[in-house]
Amino acid sequence: MNGHTIGQSVCPREQEIVDLVVSGRWRDDGDDGLGPHAAQCDACAETLELARLLQDERKALCEEAPVPSAGAVWWRATIRARAEAARTAGQPITLLQGIAAATALGLFAGLAGAVWRSVAAGGAWFDRFDDLVLRSAAAPTTLILPLLLALAACLSVAPLAVYLATADEP
Amino acid sequence: MREMTLSELSRLDSAASEADEAFQMDEDAFRLFYERTARPVWAYLARMTGDPRQADDLLQEAYYRLLRAKTAHETEAHRRNYLFRIATNLVHDLRRRPRVDAVQMSEQQEHADPRQADAAGRLARRVDLSRAMALLKPRERELLWLAYAQGSSHQEIAETLRLKTSSIKALLFRARQRLATVLRERES
């Protein structure tokens, strides 16, 4: 700093000085009269000095800036975007597999429970089966066919769904 | 970790091509913009963090965030301001994290070998400025750099730093006084 006192107010010509320094058009003896003004005005003198100092620093830093090439930055950004897209695309698959696994587990647990109750009941299982067959025979045929079809569909589609969700493709 | 199925891979492949499309500009436009802005942005990051290595990392991150941003820019000036805003946010984020083995710029510059008296004088001024800037508040550093080094208008500074345009003049005045005071104290 050149010994000017610290400016206590804002001068309306400060911005003109900054603009000239930033654009590299500042001249102490310029026709605009800003040079003599800056020599008289504390605020402008301070602004001029700091603007020059910071401009010099910016130029020096820009010269020594070890920036990578645009191609390298673009390439890294592309790779990263792809990795992020892959992660995002992978999330629904994991979710679907989780649902399928939970469904299969629930189905297995339900079947195991039903079998266990039947075994625990002993011979009553056969009686109940006979009873079921008799009741089924008594039921209207219009209901039996859709029920059987639905059961068959569930039995065939459920394992297929689990397979498609979890197994690797050939 | 499980291996991917072919169907997953094909889905990921399409996602990869979508990733290219997700950028807000094409490669040629990016190259042009980068060539014009990379060095000033690096300088800003280096001065705001005080660490050139951090500036290297943040530069890549800043451009990545710019490319992925959904914001539409009417002019290159808008895009440049937006880039500086991203850079400012990155510096703020960095400040919230503990710093590990940062290479201070002032120390680096002090160890440089001045070959000429003129170069030595310039170097001394840069070290003084570096140390003085380090004593300022982050907001003051940002204001001064954007106004006097980058040459941004008050409106642009307000957009970059998310401040009111009307408050920039007063804030800049106080920041300028602080820097001048610190520099004078260092001289005396």
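This section describes the fold, interface and selected local features of a predicted two-chain model.

Confidence was examined for the complex and for each chain. The predictor assigns the complex an ipTM of 0.78 and a pTM of 0.67. Chain B has an average pLDDT of 83, and 78% of its residues score at least 70. For chain A the average is 78, with 75% of the residues at 70 or above. Within chain A, confidence varies by element. Helix H3 (residues 42-64) of chain A has the highest mean pLDDT, 92. Helix H5 (residues 124-138) of chain A has the lowest, 62. Residues 2-7 of chain A stay under 50 throughout. For this segment the model has 12 contacts beyond four places in sequence.

Chain A is built from helices. Its secondary structure comprises 6 helices and 0 strands. The order along the sequence is α-α-α-α-α-α. Chain A has 170 residues, of which 16% count as buried. Contacts were also sorted by sequence separation. Among those in chain A between residues at least 6 apart, 71% join residues at least 24 apart.

The two chains meet at an interface in which 37 residues of chain A contact 50 residues of chain B. On the chain A side, the elements giving two or more residues are helix H1 (14-23), H3 and helix H4 (70-120) of chain A. H4(A) supplies the largest share, 15 residues. By class, this side of chain A has 24 nonpolar, 5 polar and 8 charged residues. H3(A) thus appears twice in this account: it contributes to the side that touches chain B, and it has the highest mean pLDDT among the elements of chain A.

The largest nonpolar core holds 64 residues. The members that touch the most others are B:Val41, B:Trp42, B:Leu45, B:Leu59, B:Ala62 and B:Ala87. Helix H2 of chain B gives the largest share of this core, 10 residues. B:Ala62 illustrates the packing. Leaving aside neighbours within four places in sequence, B:Ala62 contacts B:Val41, B:Leu83, B:Ile86, B:Ala87 and B:Leu90. In soluble globular proteins, nonpolar side chains tend to be buried together.

Two helices of chain B, each of 23 residues, were examined for straightness. H2(B) spans residues 27-49. Its end C-alpha atoms are only 29 Å apart, short of the 33 Å that a straight helix would reach. H2(B) bends by about 45° at B:Thr37. A proline, B:Pro40, follows within four residues. Just after H2(B), B:Gly50 adopts a positive phi of about 75°.

Helix H9 of chain B covers residues 165-187. From first C-alpha to last, H9(B) reaches 33 Å, close to the 33 Å expected at 1.5 Å a residue. The buried residues of H9(B) are B:Ile168, B:Leu171, B:Leu172, B:Ala175, B:Arg176, B:Leu179, B:Ala180, B:Val182 and B:Leu183. A charged residue, B:Arg176, is thus among the buried positions of this helix.

A further backbone feature lies in the loop between helix H8 (154-161) and H9 of chain B, where B:Arg162 is found. Phi of B:Arg162 is near 55°, a positive value in a residue other than glycine. Most residues other than glycine have a negative phi. B:Arg162 counts as exposed because 9 other C-beta atoms lie within 10 Å, and the cut-off for exposure is 12 or fewer.

Technical notes
Residues numbered from 1 in each chain as written. Chains lettered and ligands numbered in written order. Predicted model: local features only at pLDDT ≥ 70, side-chain atom pairs only at ≥ 80, totals over all residues. pLDDT = per-residue confidence, 0-100. Contact = placed C-beta atoms within 7 Å. Expected span 1.5 Å × (residues − 1). Bend = angle between axes of the 7 residues up to and from the residue. Buried ≥ 20, exposed ≤ 12 C-beta atoms within 10 Å, placed from the backbone. Core = buried A, V, L, I, M, F, W, Y, C linked by C-beta atoms within 7 Å.
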